[in-house]
Protein chains: 2
Amino acid sequence: MTPPAQLPDLTPFIEAGRRDLAALVALESVSAQGRMLPETADAVTVLLEGEGFTVRRFPGQVAPVLLAEAGEGPATLLIYNHYDVQPETPADLWNTPPFVLTERDGRLYGRGASDDKGELVSRLAAVRALRAAHGGHLPLKIKWLIEGEEEVGSPSLAGFVEAHAAELKADGCWWEFGSVSEEGRPLVSLGLKGIVCLELRCAVSDSDLHSSLGAVIDNPLYRLSRAIASLRDDSGRVSIPGFYDAVRAPSAADLRALDSLPDARSPLQQSYGVRGFLGNADAREVNRRSNFEPALNVNGVHGGYGDAGSKTVLPASGFAKIDIRLVPDQDPAEIVRLLRAHLDAQGLSDIEVNELESHEHAARSDVAHPFVQAALAAARESYGAEPIIHPSAGGSGPMHPFVQHLGVACVAIGIGNVGGRVHAPNENIRVEDFARGVRFGAVFMEALSRRALGEKEPGREALG
Amino acid sequence: MTPPAQLPDLTPFIEAGRRDLAALVALESVSAQGRMLPETADAVTVLLEGEGFTVRRFPGQVAPVLLAEAGEGPATLLIYNHYDVQPETPADLWNTPPFVLTERDGRLYGRGASDDKGELVSRLAAVRALRAAHGGHLPLKIKWLIEGEEEVGSPSLAGFVEAHAAELKADGCWWEFGSVSEEGRPLVSLGLKGIVCLELRCAVSDSDLHSSLGAVIDNPLYRLSRAIASLRDDSGRVSIPGFYDAVRAPSAADLRALDSLPDARSPLQQSYGVRGFLGNADAREVNRRSNFEPALNVNGVHGGYGDAGSKTVLPASGFAKIDIRLVPDQDPAEIVRLLRAHLDAQGLSDIEVNELESHEHAARSDVAHPFVQAALAAARESYGAEPIIHPSAGGSGPMHPFVQHLGVACVAIGIGNVGGRVHAPNENIRVEDFARGVRFGAVFMEALSRRALGEKEPGREALG
């Protein structure tokens with residue numbers, strides 16, 4: 001075993017990483033709209049090759065998948081990131097242009113600054129620093145899987161991971177996101193919710209009608225409203241029969257982690273002006289729901305007149321977009337079937353239901369796994385604070401195929417923050433978190449290069 | 001009593017009327033958006049003065065009110081029209097530019113071609129013809145009231161009619177619209193529904209949130225959906241307690257008129273691709289609801305993501321626009337109070353309710369009134385067909401102040417058609433109906449000039 005290398009001053013690596021981030025944010029890689037995806041894959045490839053990675057490019061359904069490899073050592077780290085971003089709409093609510101990385105008051109604003117270009121670039125900066133500390137040699141094997149379809153549900157990824165399972169074998173997977181609390185504590189997630197995205201559509205005629213006909217002709221926005229109102233109740237509980245049948249109950253360890261989580265409410269209230277919480281939930285209940293409960297959310301409803309004043313029109317049609325966040329072991333396809341059956345039973349067979357993109361299963365890894373423990377130790381060292389451990393994030397991502405096909409534990413540690421407005425206007429990271437993220441990456445990978453995590457196959461006990 | 005004048009060949013008057021209509025349609029007088037209203041009032045004034053009218057102009061809340069007078073004779077006819085139009089949105093669904101009057105396949109397309117510039121201009125053409133037949137003299141007194149706020153609920157009109165009641169005294173009022181059936185029978189309305197236009201708003205935070213927070217934070221589009229779904233049922237019946245308390249039952253004469261009405265369903269199905277009718281209503285039930293039932297209609301719902309694909313966002317807010325069509329003797333202000341109380345009782349106090357514009361009371365006139373009978377006789381003569389009599393139109397308008405303050409009967413006969421797409425893209429009239437409308441106007445006014453309608457005050461028996 002070689003003695004630990006002294007990490008160099010990270011400042012120049014952080015500065016270079018910020019320049020890389022500005023370049024990537026400028027590429028409008030909105031996967032939902034198919035914008036600039038191959039160009040962004042090219043730019044990421046150039047960055048990786050510059051750090052000695054061999055990059056292979058595979059076709060995805062929407063955007064290329066990149067698989068990069070570099071380094072040699074006792075440990076093998078799989079990193080997962082994505083180069084696509086959410087749409088910038090509503091664009092008029094941004095204070096600065098969404099695709100221009102802009103520093104203001106200690107934050108860097110831009111679409112993808114956090115999710116996920118900021119994460120990707122901070123890790124690349126850590127690799128640079130580690131190579132510098134080791135005389136140009138990367139002392140662990142890194143397999144870096146970077147896709148461009150994450151924000152549209154990663155339709156290619158599960159198949160890709162399954163098909164390349166042997167090549168992707170690793171001691172553990174560093175997941176694509178993570179954030180830092182107001183107090184500087186790393187927020188670590190060991191699981192992700194699944195997701196189903198649907199569009200509900202209703203049409204009553206071929207063209208708009210004078211609203212006086214509302215006395216005798218049905219209204220598509222009333223029909224959609226009734227459908228939406230039938231899907232959940234005011235407490236947020238989903239009303240679809242059978243919806244909760246497959247929900248995996250939290251383990252005793254899950255519930256212990258829950259008890260140590262801080263109150264998530266006031267940061268949300270302060271950052272976003274949130275008026276209140278479903279069911280007047282207390283701190284523990286908010287955490288329980290975020291970690292262990294599925295949820296049904298309306299992303300948008302549009303139909304009919306929406307400009308100033310009024311227009312007495314009976315619209316021909318309307319649509320709603322919804323997402324359903326799933327937990328282990330709900331099956332997305334079964335959930336769609338249950339929703340359709342529920343609408344039919346409610347006399348809403350005229351509501352058309354279309355899946356918008358590939359669904360995802362939920363996944364959770366075990367806090368006791370050695371790879372997770374190594375990541376937590378590196379986080380303690382580099383942040384100088386006790387990590388806050390979420391058994392599952394509230395968000396979704398394609399973690400399930402990694403757990404299912406590779407048997408790896410996944411741990412999400414990164415550079416986001418609770419006021420980061422991910423998926424919303426004015427997405428941002430704190431400059432300080434970017435720097436801390438580079439440091440964490442270097443400490444984590446340096447530590448992995450000195451540990452014998454590979455001695456035994458992580459195997460299925462990685463699954464929570 | 002002078003002998004009846006022979007009406008001249010109407011062709012040149014119809015041609016001139018079409019040119020006037022093209023000029024007025026080109027003026028984008030959208031009252032909901034405050035566009036080109038004084039300019040359109042100017043153009044109408046010029047047209048009226050050209051036919052010998054003295055035009056007075058009064059300020060309205062949104063647009064000038066015009067009161068024009070001309071002619072002398074035993075009868076006094078009050079005409080009511082408006083020069084404002086509905087918004088042209090969704091503009092991309094028009095086959096030709098909305099503000100360019102365009103002939104195609106026997107129809108004239110354009111915003112306002114029917115509602116209400118086509119009506120106004122056809123009546124002016126009839127006045128021209130009548131003056132020509134009488135050597136430049138108009139053989140009856142015409143009082144023409146033309147406003148520019150009808151499509152935003154005529155906020156100034158009730159006050160105007162009340163304040164000018166003495167000057168507006170007449171033997172009856174020719175209402176601003178009317179249409180012709182597929183078979184060429186004039187569709188006559190003797191009443192109008194009232195209306196209330198509301199905006200419902202809901203906000204849960206100051207900015208959009210990642211939809212994973214839907215597990216713990218309420219969704220404004222769910223809240224709006226629940227509110228909308230609570231306001232009516234699938235049959236269209238309004239669920240607000242007390243809503244029907246003041247509804248005036250149809251009289252025996254009303255019900256007789258109902259029995260003679262043709263089936264309105266297949267024209268709607270053919271013209272607009274209407275899928276079906278609320279409650280699977282039969283022909284008589286469709287007519288009963290259209291004439292005598294109030295209705296609650298959703299004009300638009302907007303909030304959150306609406307572009308291609310999906311965006312997993314929890315929107316900060318959303319809004320719905322609704323209209324409620326009222327019948328005699330529902331009170332609009334009371335209906336708004338009942339709706340607010342209903343939402344509060346449903347646990348929906350967070351839904352903000354704003355009235356969008358002035359509301360209107362419903363009104364119905366009596367089919368037996370001599371002025372109504374004179375109009376029906378002229379319609380029989382000029383159309384060569386039996387009129388179809390609606391005790392009330394399904395639509396709304398400010399008829400109530402005329403009935404209340406002037407005591408006149410109101411009769412609506414005009415140039416629209418069931419496929420006229422009024423308030424919708426591709427609004428149109430049939431060229432033939434425009435010509436028939438000019439003829440009806442000339443015959444009607446000629447007949448009025450020879451009858452002694454003014455012998456007794458129409459009085460309150462005009463009210464149905």
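# Notebook: strands, interface and loops in a two-chain model

I began in chain B, where the bridge partner of B:Ile195 in β15(B) is B:Arg325. I note at the outset that this is a predicted model, and that I read every value below as computed from it.

**Entry 1, strand β11 of chain B.** Following the pair B:Ile195 and B:Arg325 outwards, I found that β11(B) and β15(B) pair in the antiparallel sense over ten bridges. I then looked for another partner of β11(B), and found four bridges that join it to strand β16 (residues 352-355) of chain B, again with the two strands running antiparallel. In that second pairing B:Arg201 stands opposite B:Glu352 of β16(B). I also asked how many of the ten residues of β11(B) are buried. Seven of the ten residues in this strand, which spans 194-203, are buried, so β11(B) is largely enclosed by the rest of the structure.

**Entry 2, the contact between the chains.** I next turned to the place where the two chains meet, and recorded that the contact takes 78 residues from chain B and 78 residues from chain A. On the side of chain B that touches chain A, the elements that give two or more residues are β12 (209-210), α5 (220-231), α8 (283-292), β13 (295-304), β14 (313-314) and β15 (317-326) of chain B. The largest share of that side, nine residues, comes from β13(B). Sorted by class, the residues on this side of chain B divide into 32 nonpolar, 29 polar and 17 charged.

I then looked at what β13(B) pairs with across the contact, and found that five bridges join it to strand β13 (residues 295-304) of chain A, the two running antiparallel. Within this pairing, the bridge partner of A:His302 is B:His302 in β13(B).

**Entry 3, how the copies are related.** I wanted to know what turn and what shift lay chain B on chain A. A turn of 180 degrees with a shift of 0.0 Å along the axis does this, with an RMSD of 0.0 Å. That is the relation of a two-fold axis. I noted besides that 100% of the interface residues of chain B are also interface residues in chain A, so the copies meet through the same surface.

**Entry 4, domains of chain A.** Chain A is divided into domain 1 (11-192 + 362-462) and domain 2 (194-247 + 293-355). I recorded that their C-alpha centres lie 34 Å apart, and that six residues of domain 1 are in contact with eight residues of domain 2. The side of domain 1 of chain A that touches domain 2 has two nonpolar, three polar and one charged residues.

**Entry 5, the nonpolar core.** I asked which residues touch the most other members of the largest nonpolar core. Of its 294 residues, these are A:Val411 and B:Val411. Leaving aside neighbours within four places in sequence, the contacts of A:Val411 include A:Trp174, A:Trp175, A:Val188, A:Leu190 and A:Phe371.

**Entry 6, a four-strand sheet in chain A.** Here four strands form an open sheet in the order β18-β9-β8-β20, and the pairing is mixed. β18 (388-390) and β20 (416-417) of chain A stand at the edges, each with a single partner strand, so one side of each is left without a neighbour in the sheet. For β20(A), I found that strand β8 (residues 179-180) of chain A pairs with it in the parallel sense over two bridges, and that A:Val180 stands opposite A:Asn417 of β20(A).

**Entry 7, A:Glu51.** This residue lies in the loop between α2 (37-50) and β1 (54-58) of chain A. Is A:Glu51 buried or partly exposed? With 18 other C-beta atoms within 10 Å, A:Glu51 is partly exposed, because a buried residue needs 20 or more. A:Glu51 and A:Arg128 are 77 residues apart in sequence, yet 6.6 Å apart in space, C-alpha to C-alpha. Not counting residues up to four places away in sequence, A:Glu51 touches A:Arg128 and A:Arg131, among others.

**Entry 8, backbone details.** The peptide bond from A:Asp115 to A:Asp116 is cis, with omega near 15 degrees, and A:Asp116 lies in the loop between β5 (107-109) and α3 (117-133) of chain A. In chain B a cis peptide bond joins B:Asp115 and B:Asp116, with omega about 15 degrees.

I also checked the loop between β20 (416-417) and β21 (428-430) of chain B, where B:Arg421 is found. Phi of B:Arg421 is near 50 degrees, a positive value in a residue other than glycine, and B:Arg421 is buried, with 25 other C-beta atoms within 10 Å. B:His423 lies in the loop between β20 and β21 of chain B, and its phi, near 75 degrees, is a positive value in a residue other than glycine. B:His423 is buried, with 25 other C-beta atoms within 10 Å.

Note on methods
Residues numbered from 1 in each chain as written. Chains lettered and ligands numbered in written order. Predicted model: local features only at pLDDT ≥ 70, side-chain atom pairs only at ≥ 80, totals over all residues. Contact = placed C-beta atoms within 7 Å. Nonpolar A, V, L, I, M, F, W, Y, C, P; charged D, E, K, R; others polar. Pairing = 2+ DSSP bridges. Buried ≥ 20, exposed ≤ 12 C-beta atoms within 10 Å, placed from the backbone. Least-squares fit on C-alpha atoms with pLDDT ≥ 70 in both. Domains from an automatic or database assignment. Core = buried A, V, L, I, M, F, W, Y, C linked by C-beta atoms within 7 Å.
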